[in-house]
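Visitor: Please show me the ligand sites in close-up. Keep it brisk, and give cut-offs as you go.

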Amino acid sequence: MAKKALVTGITGQDGAYLAELLLQNGYEVYGLARRSSTADVNLTRLQWLGIEGDVRIVDGDLLDLSGLIRTVKDVKPDEVYNLGAQSFVKSSWQQPLLTGQVTALGVTNVLEAVRIERPEARFYQASSSEMYGLIQEPMQSEETPFYPRSPYAVAKLYGHWITINYRESFGLHASSGILFNHESPLRGIEFVTRKVTDAVARIKLGLAKELRLGNIDAKRDWGHSKDYVRAMWMMLQQDVADDYVIATGRTTTVRDMCAIAFKHAGLNMEDHLVIDPELFRPAEVDVLLGNPEKARKKFGWEPKIGLEEMIVEMVEADLKRLARLKAS
Ligand code: NAP
Ligand code: G4F
């Protein structure tokens with residue numbers, strides 16, 4: 001019998017790559033997706049990977065406990081991956097309550113559905129390095145104290161602790177992955193790497209002249225989503241549930257990441273980059289650098305795709321996409 005996985009956030013970047021991996025591993029994949037009035041569900045990322053017909057889409061919302069209970073009862077998943085969230089940090093200052101409802105309390109809704117209908121299922125929570133915020137140690141591990149710096153990070157911290165609490169209170173096999181930034185050609189255009197690669201491609205094709213950014217001195221530990229969803233799956237294959245940092249152990253400024261993209265396209269960054277004070281955040285996370293040693297030791301996880309390779313892949317994908325658009 002094929003194992004069944006239920007994935008919330010199936011229409012997002014990680015949902016798409018995780019679904020692809022689970023299908024390759026022989027799972028039946030059920031994806032929770034919000035209905036929209038413009039299209040039934042936005043499946044563009046699943047379509048990009050050519051798997052939209054292989055994932056079983058279930059209507060649902062993280063805010064709707066009764067729907068989640070019904071879904072878990074019907075699907076009877078062996079593994080539940082909670083990837084759904086209001087995940088854009090900057091928006092969380094504009095929508096702090098919604099972010100709290102979806103990104104924090106939404107986790108409890110999924111945990112409740114699992115506890116009530118399928119307590120034997122294994123549960124994964126998408127925690128975030130944003131929880132470290134104003135970093136308390138130069139390299140962050142599972143032992144580093146948290147100091148969230150945005151409504152998003154505060155909500156994620158709640159999700160992280162409620163996952164641990166359900167593990168300790170009810171014995172659920174509930175694991176939390178503290179994932180550092182991870183990107184890909186499927187990354188939302190509002191996040192900085194994709195904003196950069198999209199703009200570089202537009203400038204190269206003569207569709208734009210400038211790229212406006214905020215704080216380019218911020219440093220992030222960037223990996224590839226494909227490597228990171230593999231870590232999610234590996235976590236749930238462990239006999240004992242636990243929490244793990246997933247990161248590359250290398251940190252880079254936004255400026256240097258940007259330079260990789262411009263250089264690959266044969267463009268001079270200084271001719272196009274404009275710093276826009278409007279794009280700075282009310283409170284910034286200046287630097288993140290993760291220590292993935294525990295995941296490496298416990299289940300041999302290591303990243304395979306480096307930053308340069310990933311940014312080049314993203315620029316190439318944006319060039320291809322925009323060239324098609326320009327031609328049509
Ligand atoms: P993403 O592309 O922004 O995807 C977020 C997903 O959540 C989308 O499928 C979205 O659906 C769904 N969603 C939002 N509100 C929902 C609601 N009320 N009910 C049901 N679904 C809802 O995010 P991602 O980059 O794939 O990240 C996946 C998860 O990992 C998120 O929880 C994120 O916070 C966390 N995380 C990401 C990173 C990273 O660097 N990517 C690092 C650490 C943690 P729609 O398409 O309908 O909006
Ligand atoms: O790409 P970002 O928006 O990602 P951020 O805020 O680090 O959050 C992402 O990673 C988290 C993991 O640590 C996830 F939990 C979260 O869901 C999300 O996926 O911004 C990265 C950095 C920030 O310091 C930001 O201030 O880039 C800086 N930046 C500078 N100019 C910009 C811009 N960010 C964006 N999005 N747009 C700009 O124009």
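Guide: What follows is a walk through the surroundings of ligand 1, then of ligand 2. This is a predicted model, in which local features need pLDDT of at least 70, side-chain atom pairs count only at pLDDT 80 or more, and totals for chains, interfaces and linings use all residues. Residues are numbered from 1 along each chain as its sequence is written, chains are lettered from A and ligands numbered from 1 in written order, and side-chain values use heavy atoms, with hydrogens and water left out.

Start with ligand 1. Its shell holds 24 residues. A residue belongs to such a shell if one of its heavy atoms lies within 4 Å of the molecule. Nearest to ligand 1 are Thr 11, Asp 14, Arg 34, Ser 87 and Tyr 152.

Next, the polar contacts (pairs of N or O atoms within 3.5 Å; within protein, one atom must be able to donate a hydrogen and the other to accept it, and residues adjacent in sequence count only if both atoms are side-chain atoms). Ser 87 places a polar side-chain atom 2.6 Å from an oxygen atom of ligand 1. Leu 62 uses its backbone: an N or O atom there lies 2.9 Å from a nitrogen atom of the ligand. Gln 13 also uses a backbone N or O atom, 3.1 Å from an oxygen atom of ligand 1. On its own, ligand 1 exposes 900 Å², and the protein buries 87% of that (accessible area by the Shrake-Rupley method with a 1.4 Å probe; for residues, only the protein chains shown count as cover).

Which elements build this shell? α1 (13-24), β5 (122-128) and α6 (151-170) each supply at least two residues. β5 gives the largest share, three residues. Helices (H or I, at least four residues) and strands (E, at least two) are DSSP runs numbered from the N terminus. By class, the shell around ligand 1 has nine nonpolar, ten polar and five charged residues. Nonpolar here means Ala, Val, Leu, Ile, Met, Phe, Trp, Tyr, Cys and Pro; charged means Asp, Glu, Lys and Arg; the others, Gly among them, are polar.

Now ligand 2. It too has 24 residues around it. The closest are Ser 128, Ser 129, Tyr 152, Arg 281 and Glu 284. Tyr 152 is thus on the closest list for ligand 1 and on that for ligand 2.

Side chains supply these contacts. A polar side-chain atom of Arg 281 sits 2.6 Å from an oxygen atom of ligand 2. For Asn 181, a side-chain N or O atom is 2.8 Å from a ligand oxygen. For Glu 130, the distance from a polar side-chain atom to an oxygen atom of ligand 2 is 3.4 Å. Of the 710 Å² of accessible area that ligand 2 has on its own, the protein covers 95%.

α7 (192-204) and β8 (211-213) are the elements that give two or more residues to this shell. Its classes are ten nonpolar, six polar and eight charged residues. The shell around ligand 2 draws at least three residues from each of domain 1 (4-182 + 223-246) and domain 2 (188-220 + 251-287 + 305-327). Those bounds come from an automatic or database domain assignment.
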